[in-house]
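Welcome to a short set of exercises with worked solutions. Please keep the sequence and the model open side by side as you go.

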Amino acid sequence: MTFEELTGDQKAERMDVVRKALEEVLSSALAQGCITVGVYEAAKLLNADPDNVVLCLLATDEGDDLDVALQIHFTLIQAFCCENDINIMRVNNMHRLAEILGGMDGAGEPKDLHCILITSQVAPWKDAALSKVSGFCKECRYLDQWVPIINLPER
């Protein structure tokens, strides 16, 4: 059964599974050091080693839609990821992302969480959470939704 064939309750349940899997992927990638955070840092990694990137997250909060420069960065990153077969998702709720990833860098400054890249982990094909997220991205592409949107709930 594809995502398109699911009923309302089934879609909500499926989205909940994907949200939990995404949180697990983020926590696991952070623990393994397989995460790159920040638009500039992500662009450098995508330029240097795109084959090692397995997931790209573009995160926004209310008001970010008005930031033209950020939207241009997102458009370019999305195009690059689509061209290089990198799974990509939009994520709402930067506050929740900050909770998962730790919101401050080493100097006590807030991290730029607008773009997050997950690179290949030790055995990505054995990671059930990453498989769920990747499967969801592929289903969405099949339905011509190239950049699915996930809303992370507050805790």
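**Exercise 1.** By class, how many nonpolar, polar and charged residues does the lining of the largest pocket have?

*Solution.* Before we start, note that this is a predicted model: local features need pLDDT of at least 70, side-chain atom pairs count only at pLDDT 80 or more, and totals for chains, interfaces and linings use all residues. Residues are numbered from 1 along each chain as its sequence is written, and side-chain values use heavy atoms, with hydrogens and water left out.

Step 1: list the lining, which is made up of Val 39, Tyr 40, Ala 43, Leu 46, Asn 47, His 73, Leu 76, Ile 77 and Phe 80. Here a pocket is an open set of points on a 1 Å grid over the protein atoms alone where a 1.4 Å probe fits, with protein on both sides within 12 Å along at least five of seven lines; lining residues have an atom within 4 Å of a point.

Step 2: sort by class (Ala, Val, Leu, Ile, Met, Phe, Trp, Tyr, Cys and Pro are nonpolar; Asp, Glu, Lys and Arg are charged; the others, Gly among them, are polar). The result is seven nonpolar, two polar and no charged residues.

**Exercise 2.** Find which element gives the most to the lining of the largest pocket.

*Solution.* α2 does, with five residues. Helices are DSSP runs of H or I with at least four residues, and strands are runs of E with at least two, numbered from the N terminus.

**Exercise 3.** Work out how the buried residues of α2 are arranged.

*Solution.* Step 1: pick out Val 39, Ala 42, Leu 45 and Leu 46 as the buried ones; buried means under 20% relative accessible area, exposed over 50%, and partly exposed in between (1.4 Å probe, protein chains only).

Step 2: these residues cover an arc of only 125° around the axis, so they sit on the same side of α2. The arc is taken from the directions from the helix axis to the C-beta atoms.

Step 3: look across to the other side of α2, where Tyr 40, Asn 47 and Ala 48 are exposed.

Step 4: find the partners; the buried residues of α2 pack against β1 (35–37), β2 (53–60), α3 and β4 (115–119), with contact meaning heavy atoms within 4.5 Å.

**Exercise 4.** Describe the setting of Asn 87.

*Solution.* Step 1: place Asn 87 in strand β3 (residues 87–92). Step 2: Asn 87 counts as buried because its relative accessibility is 8%. Step 3: leaving aside residues up to four places away in sequence, Asn 87 touches several residues, including Val 54, Cys 56 and Ser 134.
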